[in-house]
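User: Please give me a close look at a single part of this structure, and explain each term as you come to it.

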Amino acid sequence: MTIRHSLQVYFIMGSNNCIDNPLYVLEQALAGGITMFQFREKGRGAKTGTDKQKLALQMKELCRRYHVPFLVNDDVDLAIKVGADGIHVGQEDEPIDSVRRRCPEHFIVGVSATNVHEAVEADSAGADYIGAGPVFATATKHDAKTPIGLEGLAEIRRLIGNTPLVAIGGIQEKNAAEVIKAGADGISVISAISASENALTAAQQLKLRTIVN
Ligand SMILES: Cc1ncc(COP(=O)(O)OP(=O)(O)O)c(N)n1
Ligand SMILES: Cc1ncsc1CCOP(=O)(O)O
Ligand SMILES: [Mg+2]
């Protein structure tokens, strides 16, 4: 599977994003057809140290069983230590050239862009994919920037050419198709799956919305 295809339904979660056991939620999401996963363990009550590492390893094993890439958010050391498939870094995280130097060659390196300028820069720096957003308002990330809207997303697509692009922020079943029409290769979601009543059906429904003519 190419990175572009893996971005179709990109689920992101940490232990404080769900009420149920995070391993249970992840397994349900995998059974529902998510195509990529990012372990984002941050914020209130987030695990640290060996507890964080243990959960990362368990999540990686689950993802392996479903042949879904397992990425780590922010924490490059952890990604290397647990043998992840990649890392996602934002504008305030470790710079991409340093990440590339430290990580195995096969690592998928995703970079966030909150505007057109950052997207072009991340593309030139050689990001494997760009995570653009927030596209819509989100309550999940308290320090999220102003939403770029579908117009901002479409402009980013125009400027980065064919580079794999995933949209993030406030994406739900009702707006997923619009995001794909605006030029994203996939949707990246936290609450639409982690806070749903049924992570399996939520993932299935979101996936259906990404198939647009
Ligand atoms: C796929 C994807 N896109 C964007 C982000 C946001 O990254 P960042 O801006 O570094 O914010 P945090 O997630 O670290 O709070 C992401 N995680 N994933
Ligand atoms: C991590 C992140 N980066 C930009 S918005 C966001 C949060 C996305 O969460 P949700 O899918 O619940 O809006
Ligand atoms: Mg970050």
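Analyst:
**The magnesium site**

D74, with a relative accessibility of 22%, counts as partly exposed, a class that lies between buried (under 20% relative accessible area) and exposed (over 50%), using a 1.4 Å probe and protein chains only. This is a predicted model, in which local features need pLDDT of at least 70 and side-chain atom pairs pLDDT 80 or more, while totals for chains, interfaces and linings use all residues. Residues are numbered from 1 along each chain as its sequence is written, chains are lettered from A and ligands numbered from 1 in the order written, and side-chain values use heavy atoms, without hydrogens or water.

D93 is likewise partly exposed, its relative accessible area being 26%. D74 and D93 each turn an OD atom towards the magnesium ion (ligand 3), which they coordinate at 2.1 Å; donors here are N, O and S atoms within 2.8 Å of the metal (3.2 Å for Na, K and Ca), and the site may look incomplete because water is not among the atoms.

D74 sits in the loop that joins β3 (70-73) to α4 (76-81), whereas D93 belongs to the loop between β4 (86-89) and α5 (96-102), so the pair ties together parts that are 19 residues apart in sequence. Helices (H or I, at least four residues) and strands (E, at least two) are DSSP runs, numbered from the N terminus.

As for the wider setting, an unreviewed UniProt entry places the feature "domain: Thiamine phosphate synthase/TenI" at residues 9-193, and such annotations may be inferred rather than shown by experiment. Over residues 9-193 the chain is 38% helix and 19% strand, with its end C-alpha atoms 10 Å apart.
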